[in-house]
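Hi,

Here is the structure I said I would pass on. Have a look at it first, and my notes come straight after.

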Amino acid sequence: MIRLLAFSVLAIFLFLGGQASAQVAACGDRGSIAEKLDDGYSELPVAMGLSANGSVVEVFASMTGTFTIIVTQPDGMSCILVTGESWEGIGAMKADLKI
């Protein structure tokens, strides 16, 4: 499952190219960012994984399809990497396939 999440995040970054780093909107406390995503966009965590460097990668998404990807570093600093629209869950995860 973590490999699937890592692959999905990598695919998003490859698709967006350099745009992902240009869209960094904010860094701060993870709790504050999560609260703002919930209050402002009705986005809640839908996926997460641990990267090789110890950072936690999370995808927040809403029922309307907006999404935000954040990374929390081991020192506790969280940063928004990218935001977007038209988020859809991956069917393979729903079917519990091992990839």
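Below is what I found, going from the whole chain down to single residues.

One thing before you start: this is a predicted model.

**The chain as a whole**

There are 99 residues in the chain, and 34% of them are buried. The chain holds 4 helices and 5 strands, and reading from the N terminus the order of elements is α-α-β-α-β-β-β-β-α. If you look at contacts with a separation of 6 or more, 37% of them come from residues 24 or more positions apart.

**The sheet**

The 5 strands make an open sheet, ordered β1-β5-β4-β3-β2, with antiparallel pairing. The edges are taken by β1 (27-29) and β2 (44-50); each has a single partner strand, so one side of each has no neighbour in the sheet. On average, neighbouring strands are turned by 30° against each other, ignoring direction. Helix α3 (residues 30-41) packs on this sheet and touches β1, β2, β3, β4 and β5. The direction of α3 makes about 105° with that of β1.

**Strand β4 and its two hairpins**

I spent a good part of my time on β4. Of its 6 residues, 6 are buried, so β4 is largely enclosed by the rest of the structure. Phe 67, Ile 69 and Val 71 point one way from the strand, while Thr 68, Ile 70 and Thr 72 point the other way.

On one side, β4 pairs with β3 (residues 56-61) in the antiparallel sense, over 6 bridges. These two strands form a hairpin with 5 residues between them, and Gly 65 in that turn has a positive phi of about 100°. β4 also pairs with β5 (residues 77-84), again antiparallel and over 6 bridges. That pair makes a hairpin too, with 4 residues in between, and here Gly 76 in the turn has a positive phi of about 100°. If you want to check the register against β5, Phe 67 stands opposite Gly 84 and Ile 69 stands opposite Val 82.

**Thr 68**

What does Thr 68 do with its side chain, sitting in β4? A polar contact of 2.6 Å joins the side chain of Thr 68 to that of Glu 43. Thr 68 has a relative accessibility of 2%, which is why it counts as buried. In the pairing with β3, Thr 68 is the bridge partner of Phe 60. Leaving out neighbours within four places in sequence, Thr 68 is in contact with Leu 37, Glu 43, Glu 58, Val 59, Phe 60, Ile 80, Val 82 and Thr 83.

**Gly 65**

Back to the glycine in the loop between β3 and β4. Gly 65 is buried, with a relative accessible area of 6%. Not counting residues up to four places away in sequence, Gly 65 touches Gly 84, Glu 85, Ser 86 and Trp 87. Gly 65 and Trp 87 are 22 residues apart in sequence, yet their C-alpha atoms are 4.6 Å apart in space.

**Nonpolar cores**

The largest nonpolar core has 9 residues: Ala 47, Val 57, Val 59, Ala 61, Phe 67, Ile 69, Val 71, Leu 81 and Val 82. At least two residues of this core come from each of β3, β4 and β5. There is also a second, separate core of 6 residues, with Ile 33, Leu 37, Ile 70 and Ile 80 among them. The two sides of β4 show up here: Phe 67, Ile 69 and Val 71 are in the largest core, whereas Ile 70 belongs to the second.

**The disulfide**

The count comes to 1 disulfide. Which residues form the disulfide? Cys 27 and Cys 79 do, with their sulfur atoms 2.0 Å apart. The pair links distant parts of the chain, with Cys 27 in strand β1 and Cys 79 in strand β5, 52 residues apart. The link between Cys 27 and Cys 79 is right-handed, with 110° about the S-S bond. How exposed are the two ends? Cys 27 is partly exposed at 46% relative accessibility, while Cys 79 counts as buried at 19%. The cut-off for buried is under 20%.

Shout if anything looks odd when you open the file.

Cheers

Technical notes
Residues numbered from 1 in each chain as written. Predicted model: local features only at pLDDT ≥ 70, side-chain atom pairs only at ≥ 80, totals over all residues. Heavy atoms only, no water. Buried < 20%, exposed > 50% of the residue type's maximum accessible area, 1.4 Å probe, protein only. Polar contact = N/O pair within 3.5 Å; in protein donor to acceptor, adjacent residues only side chain to side chain. Contact = heavy atoms within 4.5 Å. Pairing = 2+ DSSP bridges. Axes fitted to C-alpha atoms, helices over the stretch in contact; angles between N-to-C directions. Disulfide = S-S within 2.5 Å. Core = buried A, V, L, I, M, F, W, Y, C linked by side-chain atoms within 4.5 Å.
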